[in-house]
Amino acid sequence: MNPRASRRDLLLRAALLAAIAAVSPLLMPAKIAAEILICAIFACATNLLIGYGGLFTFGQGAFYGLGGYAAGFLMARFGLPWPVPLLAGLLMGAVSSAIIGAFCIRRTGIYFIMMTFAFNQMIYYLAYTFRNITGGEDGLAGIKRPPFGLPGMTSLNLDNPTYFYIFVAAIFVVSVLALIRIVESPFGRVLVATRENPRRVASLGFSVSLVQLVAFMISGAFTGLAGALYAMLYWIMPIDAVHWLNSGYIVFTVLIGGTSSMFGPIIGIFIWLQGFFSTLWARWPLLFGAFVVIVVLFLQGGVIELFRRLSALWGRRERAEAS
Amino acid sequence: MSLNLVFTQLLNGTAVGMLYALMAFGLSIIKGLLNIPNFAHGAFYAVGAYVCFSAYERTGSFWLGLLCGFVASGIVGMVIERFGVGKLLASAYLFQLLLLFGVALMLEQAIILVWGTAGNSKSPPEFLQGAVDLGFTLYPRYLLFITVASAVIITAVWFLIEKTKFGAYIRAGIDKKEMTQALGINIDALFTLGFGLGAGLAGLAGGLAVPLVGVTATMGTDMLSIAFVVVVIGGLGSIYGAIPAGLIAGIVQSLVTIWAAELSTVMIYVAMLAVLTWRPQGLLGER
């Protein structure tokens with residue numbers, strides 16, 4: 001691809017992401033829109049592993065939670081400037097996913113899935129046990145959003161819903177663009193190649209496990225960042241964020257959107273507005289479970305598949321009319 | 001700290017570990033046959049526990065309760081295999097896994113709708129109450145029962161798998177699916193029955209746990225994580241890896257309770273880390 005076309009492409013995507021962020025709060029309450037953008041970062045980071053790396057992780061909730069706890073702990077105890085908790089979440093996600101990833105990528109297939117799940121639960125029980133840091137079952141409360149400021153600018157109070165939404169939206173656009181750049185970089189190509197043909201990649205001189213580990217770390221870093229934003233969103237970091245349901249939820253949203261592009265997971269998040277449904281009925285996971293089962297049984301390709309089927313149907317009708 | 005306490009906790013750990021082994025054994029059978037991680041296994045455990053609880057309370061017979069728990073979970077499992085998992089065997093792992101995830105959510109919520117969010121408890125039948133005097137300690141009769149019952153059940157399933165014709169089919173199905181099918185064995189029915197057997201074992205473990213820990217809405221999820229850890233420790237090479245691994249998990253957990261009760265659940269994961277560092281493929285896993 002020539003550089004100019006690639007730059008135009010990137011600008012186009014940036015515009016599209018910005019449009020998504022700009023339109024969302026018009027369709028729903030700003031708080032839910034912010035939650036959706038945060039989950040979208042989480043979903044795109046997960047898609048780096050599932051869609052591009054072919055690594056079916058079922059333990060992303062661990063890094064989301066750890067990132068949120070690291071950021072939340074700093075915001076609740078110390079009044080640090082805004083980049084610090086975000087970086088803490090990012091670093092926590094990267095470091096923890098490097099450690100856990102190092103164990104998991106040594107195995108493939110089902111054993112890999114089971115290990116990611118087991119580590120997820122390990123983090124959950126650690127969070128449950130060390131309640132003086134995480135707040136245990138009650139969640140980490142008392143989080144204060146730091147004011148946002150840049151050199152040469154008056155600082156903005158992020159407790160203002162509009163400012164906070166813009167803050168989240170900016171991080172959303174930057175993060176997803178970064179992920180798009182990563183999957184289109186030479187590293188991203190090699191990652192896809194490890195999914196398609198690991199032996200070939202190894203014979204070309206790349207270390208498959210190193211590539212996978214780096215992917216794990218990048219994914220963990222963005223997941224941790226999303227967790228840090230989530231800790232700010234409700235001024236509390238609930239233990240549910242580390243629960244395996246959260247890991248399953250994100251895998252599902254990635255799949256219903258489609259894994260072939262970074263926009264798929266974003267679509268997926270919009271389809272299943274968790275924050276919205278959970279306020280309607282305490283037993284909403286029942287509906288969610290039923291929805292998962294139906295989608296998996298009848299609509300495996302995700303929404304993208306639905307579009308394709310509809311357009312195929314449309315095409316057939318047009319052809320029938322023409323003849 | 002006395003040696004007596006260590007021995008007592010060792011015995012307690014054996015009982016709990018046998019329960020874990022029973023639970024994870026079912027998970028291993030399902031994994032071996034269908035090559036899927038059964039995320040609904042915790043839900044089967046909870047269904048078995050609740051059904052056993054209700055049947056026991058209505059009829060007063062614990063044996064009947066256990067049987068009902070086994071049958072109920074087994075039937076739920078067979079239905080899920082027949083109409084769900086079985087249709088997805090040609091798809092990617094992720095879809096089978098998500099299906100079971102969805103089913104687990106539905107079952108967990110259905111249990112809450114039927115039995116409510118509040119937990120409940122029931123004491124063991126009279127002949128299993130009290131304690132046995134072992135000389136150095138008084139050992140609860142019910143824990144002894146769990147150990148013996150789990151051992152008997154595991155032995156019976158081992159016999160079923162290793163010594164009967166049905167078991168030969170199952171082993172053939174685990175080793176070479178296509179070849180088994182080519183020999184004229186109905187592999188679909190075999191998978192359904194195998195899944196039902198694994199689910200039933202989870203239900204049985206749930207029933208056995210009722211007099212010990214009662215029934216709670218979250219019991220399935222808690223046990224699911226333990227069963228997965230046990231299978232990870234055991235390795236995926238052999239369905240019997242779950243048995244020593246279950247014992248290790250139970251004993252580690254009980255021993256740690258002596259010094260730091262609040263760390264006991266976390267310690268199972270530390271044991272997992274230790275085993276994986278030493279043997280990445282698990283205890284009985286193949287390279």
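Mentor: Two residues are in contact if their C-beta atoms, placed from the backbone, lie within 7 Å. Please keep in mind throughout that this is a predicted model.

Trainee: With that in hand, which helices do the buried residues of α11(B) pack against?

Mentor: On chain B they pack against α9 (219-234) and α10 (242-259), and on chain A against α4 (83-104) and α5. The buried residues of α11(B) are B:Thr265, B:Val266, B:Ile268, B:Tyr269, B:Ala271, B:Met272, B:Val275 and B:Leu276.

Trainee: How many Å should helix α11 of chain B span?

Mentor: Helix α11 of chain B has 15 residues, 264-278, so at 1.5 Å a residue a span of 21 Å is expected, and this agrees with its end C-alpha atoms, which are 21 Å apart.

Trainee: How many residues does each chain bring to the contact between A and B?

Mentor: Chain A supplies 33 residues and chain B supplies 36. On chain A, the elements giving two or more residues to the side that touches chain B are α5 (109-129), α11 (244-257) and α14 (284-298), and α5(A) gives the most, with 13 residues. Sorted by class, that side of chain A has 24 nonpolar, six polar and three charged residues.

Trainee: How should I describe a pair of packed helices?

Mentor: In general, two packed helices are described by the angle between their axes and the distance between the axes. Here, the axes of α2 (residues 30-52) and α12 (residues 263-271), both of chain A, come within 8 Å and cross at roughly 140 degrees. That angle is why α2(A) counts as oblique to α12(A), and the crossing of the two is right-handed.

Trainee: Which residues make that contact?

Mentor: From α2(A) come A:Ile36, A:Cys39, A:Ala40, A:Ala43, A:Cys44 and A:Asn47, while α12(A) contributes A:Gly264, A:Pro265, A:Ile266, A:Gly268, A:Ile269 and A:Phe270. By class, the contact of α2(A) with α12(A) has nine nonpolar and three polar residues, with no charged residues.

Trainee: Let me turn to a single loop residue: is A:Leu55 buried or exposed?

Mentor: A residue is buried if 20 or more other C-beta atoms lie within 10 Å of its own. A:Leu55 has 24 C-beta neighbours inside 10 Å and therefore counts as buried, although it lies in the loop between α2 and α3 (60-77) of chain A.

Trainee: Which residues does A:Leu55 touch?

Mentor: Leaving aside residues up to four places away in sequence, A:Leu55 touches A:Leu49, A:Ile50, A:Phe112 and A:Gln212. As for a longer separation, A:Leu55 and A:Ala141 are 86 residues apart along the chain, and their C-alpha atoms are separated by 34 Å.

How values were computed
Residues numbered from 1 in each chain as written. Chains lettered and ligands numbered in written order. Predicted model: local features only at pLDDT ≥ 70, side-chain atom pairs only at ≥ 80, totals over all residues. Helix = DSSP H or I, 4+ residues; strand = E, 2+ residues; numbered from the N terminus. Nonpolar A, V, L, I, M, F, W, Y, C, P; charged D, E, K, R; others polar. Axes fitted to C-alpha atoms, helices over the stretch in contact; angles between N-to-C directions. Parallel < 35°, antiparallel > 145°, perpendicular 65-115°, else oblique. Left-handed = near helix turned anticlockwise from the far one by under 90°. Expected span 1.5 Å × (residues − 1). Buried ≥ 20, exposed ≤ 12 C-beta atoms within 10 Å, placed from the backbone.
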